[in-house]
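Work through the exercises below with the model open beside you. Try each task before reading its solution.

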Amino acid sequence: MSHKRLSDFVYRHFIEQVKDYAIYMLNPDGTVASWNEGAHRAKGYSSDEIVGQHYGIFYSEQDRNAGLPLRNLQLALDHGQYEGEGWRYRKDGSRFWAHVVVDPIYDDEGIHLGFAKITRDISEQKEINDKISWMARYDALTGLPNRVEFFSFVEQLLNNSEYQRIAVCTIDLDKFKDINDIEGHHVGDQLLQRVAAQTLKILGKDEMVARFGGDEFVAVKGYNSRLEARAFTSRLYACFSGLQKFATTEFTVSASMGVAVYPDDATDIKKLLSNSDLAMYRAKQATDVKICWYEKDMDEETRYRNMLAGDIRKGIKEGQFFLHYQEKRAIKDKEISGYEALLRWNHPRLGSISPDIFIPIAEESGAIVPLGYWVISTVCQEAMEKGINKKISINISPVQLRHPNFIERVRTLLQRSTYPMSLLEFEVTETAFIINKQLTFNVLHQFQKMGISIALDDFGTGYSSLSTLREFQFDVIKLDKSFLNNVEKSYEARSFVRAIISLGNSIHTPLIAEGVETVEQLRILEEEGCSEIQGFLFGKPTDIDHL
């Protein structure tokens with residue numbers, strides 16, 4: 001046997017025995033010419049059954065009628081290769097999601113002999129991707145759209161000339177915290193699920209209800225008549241009020257609703273939401289009105305925010321800000337693996353102000369930039385003084401990342417402090433990639449070159465995108481604490497956690513679970529393969545002297 005014939009024999013024998021991939025040849029007309037063991041396993045046909053039949057048999061009837069099989073072969077001829085994904089069907093009628101590569105084959109004279117086709121079953125990966133894609137747009141607890149999906153829907157309405165006005169409603173359950181504290185979080189979660197299910201039943205064309213978090217719901221409706229808008233808000237309010245009966249308790253719930261109208265009250269969606277929030281808080285304060293429409297005099301809130309913006313800059317100079325640190329622990333041995341620095345503000349007149357209040361104001365006013373430099377400098381100084389040799393993570397705002405000379409200012413600060421850059425980690429949320437993804441990638445790459453780790457914070461809560469994980473190699477992914485809600489009792493909640501951990505493992509990126517508060521949550525995370533945790537289970541944030 002000649003060397004060439006021996007090589008051809010060995011190669012053919014190898015292809016025929018491959019079991020993980022369906023590898024087979026097609027004649028120029030698309031009929032099957034050869035069939036390997038992987039194809040038999042993937043599609044159920046034996047070689048005797050399938051050779052000679054047209055490969056379109058693996059497509060759905062709808063795809064065949066649309067000419068998809070022949071079109072894909074033509075694409076392979078036109079471009080030198082066809083690569084794609086889609087549903088393919090087995091002999092028994094079941095289907096799988098396939099990744100397909102088709103290469104045209106030519107002889108030495110350039111005569112077309114047929115096609116080489118490789119098919120791989122990637123159904124499991126598609127299921128994970130679909131689940132994470134769904135989680136990026138919908139709320140895990142209620143199934144309602146989240147902030148991202150809501151904004152996308154509103155944008156479509158704004159571009160639709162069918163409507164003269166758009167009503168944006170903010171709805172907040174009254175005394176929901178008391179319900180959670182008295183009846184327990186499981187009852188609170190059931191209540192949220194019930195009202196969400198009720199809203200889905202009453203929605204009509206171009207109407208949406210979304211959950212932004214906690215007991216905060218937001219709705220939108222396009223309309224031409226004021227009566228339409230009032231009818232919608234009445235239907236909506238009924239979903240959030242009335243007697244609720246549970247296995248061991250019953251109580252009456254009510255809600256406060258604020259409404260702002262485009263273009264009368266604002267022409268920007270964020271301003272509309274802000275105005276509907278103002279109206280909702282007015283409804284909370286009222287005793288006789290639970291649906292409140294925005295009015296101009298509600299802008300007192302704006303003046304308050306402007307006052308705080310000025311106080312932030314003053315507070316930096318006067319030393320009103322300080323840092324607390326929260327431990328991160330390795331699941332394997334429960335040893336401390338690092339800390340997260342958390343910013344706090346003790347206002348001289350208003351007392352302690354929540355970061356949820358002052359951070360957005362600092363971002364809007366630009367004060368986050370000097371405040372951010374202060375945080376980086378203080379972390380390095382305190383860690384050096386106390387001899388902390390664990391990695392410390394610092395939250396970085398999208399505003400900071402877009403600020404000119406941010407990289408050089410940080411580099412200068414760190415060189416002056418002599419604190420090891422390898423012990424620093426910058427946490428960024430998914431919102432950092434909305435405005436200019438490439439610019440953000442470039443900035444983060446520069447920090448990685450300096451030795452600073454980059455963590456993707458609050459993964460899965462806002463603008464999650466698998467493409468972001470493909471385009472940038474994060475050092476750490478942080479699973480948002482909201483995914484641990486009810487994870488002890490809900491199979492669906494646990495499956496979401498499993499999917500994200502599986503994703504992290506598949507791209508070789510460590511994952512930290514935030515908000516771990518119970519031993520049962522810890523056990524579940526350990527079973528699912530999470531590597532690190534952070535939360536009140538091991539203690540609340542504290543100052544550097546008490547670490």
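**Exercise 1: a four-stranded sheet**

Ile23 faces Ile118 of β4. Residues are counted from 1 along each chain as its sequence is written, and side-chain values use heavy atoms, leaving out hydrogens and water. This is a predicted model, where local features need pLDDT of at least 70, side-chain atom pairs count only at pLDDT 80 or more, and totals for chains, interfaces and linings use all residues.

Task: place this residue pair in its sheet, then find the helix that packs there.

Solution.
- Step 1. Strand β1 pairs with β4 (residues 112-121) in the antiparallel sense, over five bridges. Two strands pair if DSSP finds at least two bridges between them. Helices (H or I, at least four residues) and strands (E, at least two) are DSSP runs, numbered from the N terminus.
- Step 2. The open sheet has four strands in the order β1-β4-β3-β2, with antiparallel pairing.
- Step 3. β1 and β2 (82-89) are the edges: each has a single partner strand, so one side of each lacks a neighbour in the sheet.
- Step 4. From one strand to the next, the twist averages 30°. Axes are lines fitted to C-alpha atoms, for helices over the stretch in contact, and angles run from 0 to 180 degrees between N-to-C directions.
- Step 5. Helix α5 (residues 68-79) packs on the sheet and touches β1, β2, β3 (95-106) and β4. Its direction makes about 40° with that of β3.

**Exercise 2: a five-stranded sheet**

Task: which strands are the edge strands, and which helix packs on the sheet?

Solution.
- Step 1. Five strands form an open sheet in the order β6-β7-β5-β10-β11, and the pairing is mixed.
- Step 2. β6 (207-213) and β11 (291-293) are the edge strands, each pairing on one side only.
- Step 3. The twist from strand to strand averages 20°.
- Step 4. Eight bridges join the antiparallel strands β5 (residues 165-173) and β7 (residues 216-223). Ile166 has Gly222 in β7 as its bridge partner.
- Step 5. Helix α9 (residues 185-202) packs on the sheet, touching β5, β6 and β7. It runs at about 165° to the direction of β6.

**Exercise 3: one serine**

Task: is Ser256 buried or exposed? Find its side-chain polar contact with a lysine.

Solution.
- Step 1. Ser256 belongs to strand β10 (residues 255-262).
- Step 2. Its relative accessibility is 0%, so Ser256 counts as buried. Buried means under 20% relative accessible area, exposed over 50%, partly exposed in between (1.4 Å probe, protein chains only).
- Step 3. The side chains of Ser256 and Lys290 make a polar contact of 3.2 Å. Such a contact is a pair of N or O atoms within 3.5 Å; within protein, one must be able to donate a hydrogen and the other to accept it, and residues adjacent in sequence count only if both atoms are side-chain atoms.
- Step 4. Beyond neighbours within four places in sequence, Ser256 has contacts (heavy atoms within 4.5 Å) that include Thr170, Asp172, Met280 and Lys290.

**Exercise 4: aromatic rings**

Task: how many aromatic pairs does the structure hold? Describe the one between Trp35 and Phe58.

Solution.
- Step 1. There are 21 aromatic pairs. Rings of Phe, Tyr and Trp (its six-membered ring) pair if their centres lie within 6.5 Å; planes under 30 degrees apart count as stacked, over 60 as edge-to-face and the rest as tilted.
- Step 2. Trp35 and Phe58 are stacked, at 5.7 Å centre to centre with 20° between the planes.
- Step 3. Trp35 is buried at 10% relative accessibility, and Phe58 is buried at 1%.
- Step 4. Ring pairs link Tyr24, Trp35, Tyr45 and Phe58 into a cluster.
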